[in-house]
Amino acid sequence: MNTKIIIGSYELVEGYAEKMLLKNSVRCKLCGHVIESKHNYDFVSCFCGFVSIDGGLISPRCMGDEEDIEYLYEFLVKTV
Ligand SMILES: [Zn+2]
């Protein structure tokens, strides 16, 4: 079985049948702050407050304007 790590948005891993989220993290393009939500009730905002994440690895949620967010989600995917 082959696996690899992919970092980015959910769109990048749409084609993979088996994927697991390893890290719930985004970067705010307005202030440059990288934030990470580590568990289900871990609500985190960036320095400027325009981007927030929540949900850890259980139910990741991201709040803010799409254009201000750089997704740094880390996925483990099965390639074969
Ligand atoms: Zn910010």
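**Start with the whole chain**

Residues 24 or more positions apart account for 54% of the contacts in the protein chain with a separation of 6 or more. Keep that in mind while you look around. The model is a predicted one.

Show the chain as a cartoon. You will find nine strands and zero helices. From the N terminus on, the elements read β-β-β-β-β-β-β-β-β. The radius of gyration of the protein chain is 13 Å, close to the 12 Å that the globule rule gives for 80 residues, so the chain is as compact as a globular protein of that length. Turn the C-alpha trace along its principal axes: the spans are about 40 × 25 × 15 Å.

**Stop 1: the sheet β1-β9-β2**

Select β1 (3-8) and β2 (19-23). Add β9 (73-78). These three strands form an open sheet in the order β1-β9-β2, with antiparallel pairing. Strands β1 and β2 are the edges, and each pairs on one side only. From one strand to the next, the twist averages 30°.

Strands of a sheet pair through backbone hydrogen bonds, either parallel or antiparallel.

Look first at the β1 side. Six bridges link β1 and β9 in the antiparallel sense. Pick Ile6, and find Phe75 of β9 opposite.

Now cross to the other side of β9. Here β2 and β9 pair over four bridges, also antiparallel. How do you locate them? Two residue pairs will guide you. Lys19 stands opposite Val77 in β9. Lys23 has Glu74 of β9 as its bridge partner.

**Stop 2: just past β9**

Follow the chain out of β9 (73-78) to Thr79, in the segment after that strand. Is Thr79 buried or exposed? Thr79 has 9 other C-beta atoms within 10 Å, and 12 or fewer counts as exposed, so Thr79 is exposed.

Next, select Met1 as well. Thr79 and Met1 are 78 residues apart along the chain, yet their C-alpha atoms are separated by 7.7 Å. Which residues does Thr79 touch, leaving aside its neighbours within four places in sequence? The contacts are Asn2, Thr3 and Lys4.

**Stop 3: the sheet β4-β3-β8**

Select β3, residues 25-28. Add β4 (34-36) and β8 (69-71). Together the three strands make an open sheet in the order β4-β3-β8, and the pairing is antiparallel. Strands β4 and β8 stand at the edges, each with a single partner strand, so one side of each is left without a neighbour in the sheet. Neighbouring strands of this sheet are turned by 30° against each other on average, direction ignored.

Zoom in on β3 and β8. Three bridges join these antiparallel strands. Click Val26: opposite stands Tyr71 in β8.

**Stop 4: the nonpolar core**

Buried residues make up 16% of the 80 residues in the protein chain. Which residues make up the largest nonpolar core? Select Val26, Cys28, Ile35, Cys46, Val51, Ile53, Cys62 and Ile69, eight residues in all. Show their side chains.

Val26 is a name you have met: this core residue was the one opposite Tyr71.

Finish on Ile69, another member of the core. Hide its neighbours within four places in sequence. Ile69 is then in contact with Val26, Cys28, Lys29, Val51, Cys62 and Gly64. Among these partners, Val26, Cys28, Val51 and Cys62 belong to the core too.

Methods
Residues are numbered from 1 along each chain as its sequence is written. This is a predicted model: local features need pLDDT of at least 70, side-chain atom pairs count only at pLDDT 80 or more; totals for chains, interfaces and linings use all residues. Helices (H or I, at least four residues) and strands (E, at least two) are DSSP runs, numbered from the N terminus. A residue is buried if 20 or more other C-beta atoms lie within 10 Å of its own, exposed if 12 or fewer, and partly exposed in between; C-beta atoms are placed from the backbone. Two residues are in contact if their C-beta atoms, placed from the backbone, lie within 7 Å. The radius of gyration is taken over C-alpha atoms; the globule rule is 2.2 Å times the number of residues to the power 0.38. A nonpolar core is a set of buried Ala, Val, Leu, Ile, Met, Phe, Trp, Tyr and Cys residues joined through C-beta atoms within 7 Å. Two strands pair if DSSP finds at least two bridges between them. Axes are lines fitted to C-alpha atoms, for helices over the stretch in contact, and angles run from 0 to 180 degrees between N-to-C directions.
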